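Colleague: Could you take me through one part of this model, slowly? I'd like the sheet and whatever packs around it, in one connected account.

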Amino acid sequence: MKNLRGYRVLPVLLLLLATTCTYAIEMKVVFQTSAGEPIEGAHVKYLTNNWKNFGLTDENGEVTKNRPAGDYSFKLIYDGKSEVKENIVVAIGGVVLLQKV
């Protein structure tokens, strides 16, 4: 390399890596009857590559978990039945209201 006033100048390669940062939010799923009554004891699962456990609804029909905002499908298992809710967009604020049909 050429000298610049007594200093050796080396080429510098600057490599910038673009990374995707996904921040988890507190996501709350609320499961109710069509009349607005909470459903306690429902198993809630969410789909990524496969079904994963989200949790069990409490006496208010609620369950929370830290997950990144995005599109989700939820499976609700209660009273020996299974119900799938697909393509639910969960944004910051993260409350998902699911009603029994």
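Modeller: Sure. A quick word on terms to start with: two strands pair if DSSP finds at least two bridges between them. Keep in mind, too, that this is a predicted model.

With that in hand, here's the sheet: it is open, has 3 strands in the order 6-3-9, and its pairing is mixed. Strand 6 (62–68) and strand 9 (95–99) are the edge strands, each pairing on one side only. On average, neighbouring strands in this sheet are turned by 25° against each other, direction ignored. Strand 3 covers residues 24–32 and pairs with strand 6 in the antiparallel sense, over 7 bridges. Look at Lys-28 for one of the details: its bridge partner in strand 6 is Thr-64. Thr-64 also turns up beside Glu-26, a residue of strand 3: the C-alpha atoms of Glu-26 and Thr-64 are separated by 6.5 Å, although the two are 38 residues apart along the chain. Glu-26 itself has a relative accessible area of 54%, so it counts as exposed, the cut-off for that being over 50%.

Phe-31, also on strand 3, is another story. At 0% relative accessibility, Phe-31 counts as buried. A search of the whole structure turns up 5 aromatic pairs, and Phe-31 with Tyr-78 is one of them: edge-to-face, 5.1 Å centre to centre, with 65° between the planes. That pair links distant parts of the chain, as Phe-31 sits in strand 3 and Tyr-78 in strand 7 (residues 70–78), 47 residues apart. Tyr-78 is buried as well, with a relative accessible area of 7%. Then there's the pair made by Tyr-72 and Phe-74: the ring centres are 6.0 Å apart and the planes are at 25°, so this one is stacked. Tyr-72 and Phe-74 are both buried, and they belong to one aromatic cluster together with Tyr-46 and Phe-54.

Now for the nonpolar core. In soluble globular proteins, nonpolar side chains tend to be buried together. The largest nonpolar core here has 17 residues, and the members touching the most others are Val-29, Phe-31, Val-44, Phe-54, Phe-74, Val-90 and Leu-98. Strand 3, strand 4 (43–47), strand 7 and strand 9 are the elements that give two or more residues to this core. Phe-54 is a good place to stop and look around: leaving out residues up to four places away in sequence, it touches, among others, Met-27, Val-29, Val-44, Tyr-46, Val-63, Thr-64 and Phe-74. The list for Phe-54 also includes Lys-45, Lys-65 and Arg-67.

Last stop, the loop between strand 5 (51–56) and strand 6, where you'll find Thr-57. With a relative accessible area of 3%, Thr-57 is buried. What does its side chain reach? The side chain of Thr-57 gets to the backbone oxygen of Ile-39 at 2.8 Å, and to the backbone nitrogen of Ala-42 at 2.8 Å. Neighbours within four places in sequence aside, the contacts of Thr-57 include Glu-40, Gly-41, Val-44, Glu-62 and Val-63. Phe-31 is in contact with Thr-57 too, which takes us back to strand 3, where Phe-31 sits.

How values were computed. Residues are numbered from 1 along each chain as its sequence is written. This is a predicted model: local features need pLDDT of at least 70, side-chain atom pairs count only at pLDDT 80 or more; totals for chains, interfaces and linings use all residues. Side-chain values use heavy atoms; hydrogens and water are left out. Helices (H or I, at least four residues) and strands (E, at least two) are DSSP runs, numbered from the N terminus. Axes are lines fitted to C-alpha atoms, for helices over the stretch in contact, and angles run from 0 to 180 degrees between N-to-C directions. Rings of Phe, Tyr and Trp (its six-membered ring) pair if their centres lie within 6.5 Å; planes under 30 degrees apart count as stacked, over 60 as edge-to-face and the rest as tilted. Buried means under 20% relative accessible area, exposed over 50%, partly exposed in between (1.4 Å probe, protein chains only). A nonpolar core is a set of buried Ala, Val, Leu, Ile, Met, Phe, Trp, Tyr and Cys residues joined through side-chain atoms within 4.5 Å. Contact means heavy atoms within 4.5 Å. A polar contact is a pair of N or O atoms within 3.5 Å; within protein, one must be able to donate a hydrogen and the other to accept it, and residues adjacent in sequence count only if both atoms are side-chain atoms.
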